[in-house]
Amino acid sequence: MAIGLSHGGSTIYSSPSLSKEVLVGTREGIAIIAREGSAWRVAHRALTDKHISAIIIEPESGLTIAGAFHGSVHVSADAGRTWEQRNNGLAESNVYSLASARINGRTRLFAGTEPAHLFLSDDLGLHWSEVPSLRSVPSVPKRSFPTPPHIGHVKHINFEPHNPTTVYASVEVGGLLKSTDAGQSWQEFPDLYEDVHRTMIHPSNPQFLYGVTGRGLYVSPDAGGTWEQWTRREDEVGGYPDGFVFRPSDPKTIFMTAAHDAPGTWRTTHFAGARISRSRDGGRTWEILRNGLPDRMQASIEAFSLEEAGASFSIFAGTTSGEVLCSEDGGDHWEKIISGLAPISKAGHYRNLVAA
């Protein structure tokens, strides 16, 4: 078994046993790190000329699918060792997010891009077609991203559990969009802060949403009808959250990563001040995790994954400084398991986090 650790791909895995390999999406391709006893090593590198944005492992076919910033979509049938490009019909090559779902009995892939377009494939990436309805939402083509090139992107794609025709697309900057008909039409949620990083859905109550935004964590008890802000810019957990995972068997146990300030400040401070926090009550209260973690990391945590296997679960965090951090005891203790990788980074975030 293997899992992915990337910015815009899958983040929560349920497996028969804890995986011995993690495919890490970096500025210089995919680094496959392998567990050997209690240690980890880099076992293989692939797509080294691509800046990897997203990794998903499609369960029906067993294929591994990777997206790249300005590098399209690539597919591997041998657990990430060799790859082929699959971009027929993919009119935008700057891929930010990937997701898959079983819809009407068949596997459907989704790819979100910059500019903010959404594409789908019903043949595992061999052919792609655009979901034009996304561009018809008034806010999508009009919003301007605050930093160059000032264009929004589809940062995260998620599906309602047991009803994957309900799709959520998080657009940065543009807001949260929801489709209840597999992408034929969309509705906006103007009450949620417009800089939406990802939308997570409670596994047993699909009406309960977590909106992770550039202004903090919001929650909705009614599928987006109303929103309440649970963390804020000034909170000690960090004002700019991004990574957000929960334990599938116990969704009240949540882990969240957050930088101290928004990336715009990193150009002068070269400091993200990232922290990892844990909630045991479904996100109402948070504790900052420290044992084995530097307090307020200089780097940003740009990839975050959790894998559960029976009574055990592991959490992995990838940073712009090319490190992978891991906890195997529920976040109580952390260890740096790999260092020296290329930056694990959303687009160019890593450039402003070189220590002054």
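This passage describes the surroundings of N158 and a set of salt bridges in a predicted model.

N158 is found in strand 14, which spans residues 153-160. The residue counts as buried because its relative accessibility, 17%, falls under the 20% cut-off. Beyond its neighbours within four places in sequence, N158 is in contact with T166, V167 and Y168, and also with T199, M200 and I201. In the case of T199, the side chain of N158 reaches the backbone oxygen at 2.9 Å. S10 is separated from N158 by 148 residues in sequence, yet the two C-alpha atoms are 9.4 Å apart in space.

Strand 14 also holds K155, whose side chain meets that of D242 in a salt bridge with an N to O distance of 3.0 Å. D242 lies in strand 22 (residues 240-247), so the pair ties together parts that are 87 residues apart in sequence. Both partners are buried: relative accessibility is 10% for D242 and 2% for K155.

In total, the structure holds 17 salt bridges. Side chains of opposite charge can pair when their charged atoms come close. Among these bridges is that between E36 and R41, with an N to O distance of 2.3 Å. E36 is partly exposed, at 45% relative accessible area, and R41 is likewise partly exposed, at 39%.

A further salt bridge joins R290 to D295, with the closest N and O atoms 2.9 Å apart. R290 counts as partly exposed at 44% relative accessibility, as does D295 at 43%. R290 and D295 also belong to a network of salt bridges that links them with E236, R275 and R296.

Note on methods:
Residues numbered from 1 in each chain as written. Predicted model: local features only at pLDDT ≥ 70, side-chain atom pairs only at ≥ 80, totals over all residues. Heavy atoms only, no water. Helix = DSSP H or I, 4+ residues; strand = E, 2+ residues; numbered from the N terminus. Buried < 20%, exposed > 50% of the residue type's maximum accessible area, 1.4 Å probe, protein only. Contact = heavy atoms within 4.5 Å. Polar contact = N/O pair within 3.5 Å; in protein donor to acceptor, adjacent residues only side chain to side chain. Salt bridge = Lys/Arg side-chain N within 4 Å of Asp/Glu carboxyl O.
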